[in-house]
Amino acid sequence: MARAMARGWGDPVLASDSGSGRAQALADELGGRAASNVEVAQEADLVVLCHKPYQLRQVAREIAPHVKAVASVVGGMKAGDLLNAYSGTPLFRLMPNTPVEVRRGVILYSPLGGPGFGSPLEIDRELEAAVLELFGRLGWVATVPGDLAAVAAALTSVAPAYMALVVEAQTEAGLRHGLKAEVAARLAVETMGGSAALLAARDDDTLRVRREVTSPGGSTSRGLDALERGGLRAAFAAAIDRVLSDVQSG
């Protein structure tokens, strides 16, 4: 995710890692430099946390005394753990998905505080606006209450893999009827992109788009019937249930 966001922003980076060499690779690609955790914390106006959840305390011990503000994109992290690790520091919790690399991401923003954490935390609104503007360069920022963040993430964070699977299925269907793989894949990808743009232009009115494409008894109607009979809705319902189950059990 760090690489996807850095590529989406396209600016020189000030980055650190745990010894993997990825920070230097990003600096080589985008400009900037690799540094230690402490150096990043001391020099950056906003530190974006992209480490693994189990590394929270270790990283916080190093940088918490030095950071000016923190934006966490660490998945599966409880709000209370973040608040305890960075007590007294302006803290923002966001969850982007991988299309941020091409500035078409969905970035979930869940303000910290509120139910379960006493009264809402005091937020520097000017700083909050600056952080959201920064992440807004990567796509669409959606504000989601913390108690629904996992549900929203189950729709967005994993969805690029689902869409890739849909393209694979479409491609394989085309192959069975004689299309070349590269042609079938490009047809599926371009149609998916165009359909998303059309839905956005129709204010996300899925029924309207389906009606515009579907003639009674026509080929689209028969195809939709096959998808419904094949359990498309049930499959997506089961997918979100499974993802949420894994999050809750973790």
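**Exercise 1. Salt bridges**

Task: State how many salt bridges a search of the whole structure finds, and work out which parts of the chain the pair Asp-11 and Arg-137 ties together.

Solution. The structure is a predicted model.
- Step 1. The search of the whole structure yields 10 salt bridges.
- Step 2. One pair to examine is Asp-11 with Arg-137, whose side chains meet in a salt bridge at 2.9 Å, N to O. The cut-off for such a pair is 4 Å between a side-chain nitrogen of Lys or Arg and a carboxyl oxygen of Asp or Glu.
- Step 3. Asp-11 sits in the loop between helix H1 (2-9) and strand E1 (13-15), and Arg-137 in the loop between H6 and E7, so the salt bridge ties together parts that are 126 residues apart in sequence.

**Exercise 2. The surroundings of Leu-30**

Task: Locate Leu-30 and list its contacts beyond four places in sequence.

Solution.
- Step 1. Leu-30 belongs to helix H2 (residues 22-30).
- Step 2. With neighbours within four places in sequence left aside, Leu-30 is in contact with Ala-6, Arg-7, Asp-11, Pro-12 and Val-13.
- Step 3. Take Asp-11 from that list: Leu-30 and Asp-11 are 19 residues apart in sequence, and their C-alpha atoms are 6.5 Å apart in space.

**Exercise 3. The sheet**

Task: Give the strand order of the open sheet, and explain why one side of E3 and of E7 is left without a neighbour in the sheet.

Solution.
- Step 1. The order of the 5 strands is E3-E4-E5-E6-E7, with mixed pairing.
- Step 2. Strands E3 (47-49) and E7 (139-143) stand at the edges; each has a single partner strand, so one side of each is without a neighbour in the sheet.
- Step 3. From one strand to the next, the twist averages 30 degrees.
- Step 4. E5 (residues 91-96) and E6 (residues 105-109) pair in the antiparallel sense over 3 bridges. Met-95 stands opposite Leu-108 in E6.
- Step 5. Helix H6 (residues 125-136) packs on the sheet and touches E3, E4 (70-72), E5, E6 and E7. The direction of H6 makes about 20 degrees with that of E5.

**Exercise 4. The largest pocket**

Task: Describe the lining of the largest pocket by position, element and class.

Solution.
- Step 1. The space in the largest pocket is about 2900 Å³.
- Step 2. Its lining has 50 residues; Met-163, Met-192, Ser-195, Ala-196 and Leu-199 lie nearest the centre.
- Step 3. Elements giving two or more residues to the lining include E6, E7 and helix H12 (232-249). H9 gives the most, 11 residues.
- Step 4. The lining divides into 32 nonpolar, 13 polar and 5 charged residues.

How values were computed: Residues are numbered from 1 along each chain as its sequence is written. This is a predicted model: local features need pLDDT of at least 70, side-chain atom pairs count only at pLDDT 80 or more; totals for chains, interfaces and linings use all residues. Side-chain values use heavy atoms; hydrogens and water are left out. Two strands pair if DSSP finds at least two bridges between them. Helices (H or I, at least four residues) and strands (E, at least two) are DSSP runs, numbered from the N terminus. Axes are lines fitted to C-alpha atoms, for helices over the stretch in contact, and angles run from 0 to 180 degrees between N-to-C directions. Contact means heavy atoms within 4.5 Å. On a 1 Å grid over the protein atoms alone, a cavity is a set of points where a 1.4 Å probe fits but cannot get out, and a pocket is an open set with protein on both sides within 12 Å along at least five of seven lines; lining residues have an atom within 4 Å of a point. Grid points are joined across faces, edges and corners, and a volume is the space filled by probe spheres set on the points. Ala, Val, Leu, Ile, Met, Phe, Trp, Tyr, Cys and Pro count as nonpolar, Asp, Glu, Lys and Arg as charged, and the others, Gly among them, as polar.
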